[in-house]
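Me: I should like a close look at one part of this model, the pocket that ranks second by size, together with whatever surrounds that part. Please set the description out as one connected account.

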Amino acid sequence: MRSHTVALIVCLFAANVYAQTRPPNRPRVEAQQRGTPQTVAAEGAVKEASEDLAEFRRVAARDIAILMHLRAADAAMADAMQPSNAIQKAFEEVDTAKSLGPDFYVMQGVIKVKAELEEARRSPVTADFGRLRTLLREHALGPASRVAVRNALHLEEETAAWLRVQDMISAHLRTLTDIAGDSLRATETER
């Protein structure tokens with residue numbers, strides 16, 4: 001085992017020395033179409049980031065939909081003139097929010113509020129709408145709002161990080177352009 005490790009280290013060292021001493025390869029047409037290993041890696045990273053963003057967008061859209069359903073439930077309970085209709089509408093909105101599969105803490109609140117609304121549906125005339133709305137706001141709507149804010153803050157941090165990457169890419173492109181310009185000017189003076 002030890003001899004394999006030593007052999008591997010020697011091979012890596014030799015490859016590194018060879019890579020540093022050999023002249024740079026002339027770009028081939030295939031390599032120009034494909035790009036350098038760095039550009040291929042950068043393209044892969046951007047594609048992966050795009051896929052991650054698509055997944056995050058789906059989750060953020062779901063969290064916003066949950067928040068909207070919970071707000072609709074709160075709005076439904078604001079009108080206590082027809083208590084059975086108000087409770088039924090709030091129950092349906094909370095049930096829809098639950099079916100969307102919210103975040104863990106939001107789900108806990110939604111389950112608690114749904115149980116309370118189920119109890120209130122049995123006797124809507126005696127239901128305490130103030131208490132139901134307070135439960136909804138504290139246990140479901142509050143956590144759902146925090147999840148939406150957390151998503152927005154994550155996106156702000158991601159935006160700042162991508163702006164830094166964009167600055168690095170711009171600097172790299174300027175350097176590439178300068179090197180290419182220097183090379184072209186050097187060939188013109190030789191003629």
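Reply: The lining of the second largest pocket divides into 5 nonpolar, 3 polar and 2 charged residues. The model in which this pocket is found is a predicted one. The pocket has a volume of about 170 Å³. Its lining consists of Ala49, Ser50, Asp52, Leu53, Phe56, His154, Leu155, Glu158, Thr159 and Trp162. The elements that contribute two or more residues to this lining are H3 and H6.

The setting of the pocket is a helical protein, with 6 helices and 0 strands. From the N terminus on, the order of elements is α-α-α-α-α-α. Of its 191 residues, 21% count as buried. Among contacts between residues at least 6 apart in sequence, 71% join residues at least 24 apart.

Helix H3 spans residues 37-78 and helix H6 spans residues 129-190. Along H3, 42 residues reach 61 Å from the first C-alpha to the last, close to the 62 Å expected at 1.5 Å a residue. The buried residues of H3 are Phe56, Ala60, Asp63, Ile66, Leu67, Leu70, Ala73, Asp74, Ala76 and Met77. Phe56 is thus a buried residue of H3 and also a member of the pocket lining.

From Phe56 the account can be carried to Asn151, a residue of helix H6. With a relative accessible area of 6%, Asn151 falls under the 20% cut-off and is therefore buried. Neighbours within four places in sequence being set aside, Asn151 is in contact with Phe56, Ala60 and Asp63. Each of these three partners appears among the buried residues of H3.

Asp63, one of the partners of Asn151, lies in helix H3. Its relative accessibility is 4%, so Asp63 counts as buried. Residues up to four places away in sequence not being counted, Asp63 touches Val147 and Asn151. A further pairing of this kind involves Ile64, also placed in helix H3. Ile64 is partly exposed, because its relative accessible area is 45%, a value between the limits of 20% and 50%. The C-alpha atoms of Ile64 and Ala148 are separated by 6.5 Å, although the two residues stand 84 residues apart along the chain.

Asp63 and Val147 also lead to an enclosed space. Empty space of this sort is shown by rolling a probe the size of a water molecule over the atoms. The count comes to 1 cavity of 30 Å³ or more, and about 30 Å³ of space lies in the largest cavity. The residues that line the largest cavity are Asp63, Ile66, Pro102, Asp103, Val106, Ala144 and Val147. H3 and H6 each supply at least two residues of this lining, and both helices also give two or more residues to the lining of the second largest pocket. In composition, the cavity lining has 5 nonpolar, no polar and 2 charged residues.

Val106 brings helix H5 into the account, being listed in the cavity lining and among the buried residues of that helix. H5 comprises residues 104-122, and its 19 residues reach 28 Å from the first C-alpha to the last, close to the 27 Å expected at 1.5 Å a residue. Buried in H5 are Val106, Gly109, Val110, Val113, Lys114, Leu117 and Ala120. Seen down the axis of H5, these buried residues fall within an arc of 140°, so they line one face of the helix. Phe104 and Arg122 are exposed on the other side of H5.

Helix H4, residues 83-99, completes the picture. Its 17 residues reach 24 Å from first C-alpha to last, close to the 24 Å expected at 1.5 Å a residue. Pro83, Ala86, Ile87, Ala90, Phe91, Glu93, Val94 and Ala97 are the buried residues of H4. These residues cover an arc of only 165° around the axis, which puts them on the same side of H4. Lys89, also in H4, has a relative accessibility of 37% and therefore counts as partly exposed. Its C-alpha atom is separated by 9.5 Å from that of Ala75, which is 14 residues apart from Lys89 along the chain. Just after H4, Gly101 takes a positive phi of about 75°.

Conventions:
Residues are numbered from 1 along each chain as its sequence is written. This is a predicted model: local features need pLDDT of at least 70, side-chain atom pairs count only at pLDDT 80 or more; totals for chains, interfaces and linings use all residues. Side-chain values use heavy atoms; hydrogens and water are left out. On a 1 Å grid over the protein atoms alone, a cavity is a set of points where a 1.4 Å probe fits but cannot get out, and a pocket is an open set with protein on both sides within 12 Å along at least five of seven lines; lining residues have an atom within 4 Å of a point. Grid points are joined across faces, edges and corners, and a volume is the space filled by probe spheres set on the points. Helices (H or I, at least four residues) and strands (E, at least two) are DSSP runs, numbered from the N terminus. Ala, Val, Leu, Ile, Met, Phe, Trp, Tyr, Cys and Pro count as nonpolar, Asp, Glu, Lys and Arg as charged, and the others, Gly among them, as polar. The expected span of a helix is 1.5 Å times one less than its number of residues. Buried means under 20% relative accessible area, exposed over 50%, partly exposed in between (1.4 Å probe, protein chains only). The arc is that of the directions from the helix axis to the C-beta atoms. Contact means heavy atoms within 4.5 Å.
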